[in-house]
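Here are my notes on the model, set out as numbered points. Please read them with the structure open.

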Amino acid sequence: MPKISLVVCVHRERDLLKRLLEATSDCIDDLVVTHDGPDETNVHELVEQFGGRFFERQRAFQQEPHWPFAWGQAKCEWILRLDADEIPSADLKRWIQSFRNQEEPSPDVSGYTCIWP
């Protein structure tokens with residue numbers, strides 16, 4: 001059964017992140033949130049409420065420098081990378097649940113890309 005880490009990079013997006021975490025809590029096994037700069041909106045507390053791990057990083061004014069670090073913190077081999085304002089549709093959540101209920105994919109599979117019509 002594949003396990004999935006949700007990895008998110010934010011800056012002061014507590015409300016959006018809360019909505020995302022509420023929407024994905026039944027779809028993931030691990031949560032990693034990196035914050036771009038000082039956490040002035042108490043994102044750390046929110047992440048802990050959802051059982052995740054929070055990392056405050058030096059302010060870079062963009063997400064890109066934080067992604068390699070964040071992916072390195074993931075506990076699971078499968079990573080779901082979303083922005084705080086991206087909420088999975090019901091179809092995507094069903095697909096994730098189906099994926100998690102299958103046997104581990106063949107070792108030669110390195111990822112999936114969902115393409116919507």
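**Notes on the fold and its interior**

1. Strands S2 (residues 30-36) and S3 (residues 53-57) run parallel and are joined by five bridges. Within this pair, Val32 stands opposite Arg53 in S3. Between the two strands the chain passes through helix H2 (residues 43-49), and the resulting β-α-β crossover is right-handed. Please keep in mind throughout that this is a predicted model.

2. S2 is also paired with S1: six bridges join these two strands, which run parallel. Val32 appears again here, as the bridge partner of Val7. Val32 thus stands opposite Arg53 in S3 and is bridged to Val7 as well.

3. The whole sheet is open and has four strands, in the order S3-S2-S1-S4, with parallel pairing. Which strands stand at the edges? They are S3 and S4; each has a single partner strand, so one side of each has no neighbour in the sheet. From one strand to the next, the twist averages 20°.

4. Helix H1 lies across S1 and S2, and runs at about 170° to S1. Two leucines of interest on the H1 side are taken up in points 6 and 7.

5. The largest nonpolar core has 22 residues, and Leu6, Leu17 and Val33 have the most contacts inside it. At least two residues of this core come from each of strand S1 (4-10), helix H1 (14-24), S2, H2, strand S4 (78-81) and helix H4 (90-100). S1 gives the largest share, four residues. Another core, of six residues, lies apart from it; Cys9, Val32, Trp67 and Ala74 are among them. As general background, nonpolar side chains in soluble globular proteins tend to be buried together.

6. What does Leu17 touch, not counting residues up to four places away in sequence? Its contacts are Val8, Val10, Val33, Val43, Leu46, Val47 and Ala84. One of these, Val33, is listed together with Leu17 and Leu6 as having the most contacts inside the largest core.

7. Leu21 lies in helix H1. Is Leu21 buried or exposed? It is buried, because its relative accessible area is 2% and the cut-off for buried is under 20%. Leaving aside neighbours within four places in sequence, Leu21 is in contact with Leu6, Leu31, Leu46 and Phe50. Of these, Phe50 is 29 residues from Leu21 in sequence, yet the C-alpha atoms of the two are 7.3 Å apart.

8. His66 is in the loop between S3 and H3. Despite the loop position, His66 counts as buried, at 4% relative accessibility. Not counting residues up to four places away in sequence, His66 touches Cys9, Thr34, Asp36, Arg57, Gln58 and Ala60.

9. How many disulfides does the model contain? The count is zero, the cut-off being sulfur atoms within 2.5 Å. For Cys9, the nearest cysteine sulfur is that of Cys76, 17 Å away. Cys9 counts as buried, at 2% relative accessibility. For Cys76, the nearest cysteine sulfur is that of Cys27, 13 Å away, and Cys76 is in no disulfide. Cys76 counts as buried too, at 13% relative accessibility.

10. Two residues other than glycine deserve a look for their backbone angles. Arg12 has a positive phi, near 55°, and its place is in the loop between S1 and H1. Arg12 is partly exposed, with a relative accessible area of 48%. Phe61 also has a positive phi, of about 65°, although it is not a glycine. Phe61 lies in the loop between S3 and helix H3 (67-73). What is the relative accessible area of Phe61? It is 65%, so Phe61 is exposed, the cut-off for exposed being over 50%.

Notes:
Residues numbered from 1 in each chain as written. Predicted model: local features only at pLDDT ≥ 70, side-chain atom pairs only at ≥ 80, totals over all residues. Heavy atoms only, no water. Pairing = 2+ DSSP bridges. Right-handed = clockwise from strand over helix to strand, strands pointing away. Core = buried A, V, L, I, M, F, W, Y, C linked by side-chain atoms within 4.5 Å. Buried < 20%, exposed > 50% of the residue type's maximum accessible area, 1.4 Å probe, protein only. Contact = heavy atoms within 4.5 Å. Axes fitted to C-alpha atoms, helices over the stretch in contact; angles between N-to-C directions.
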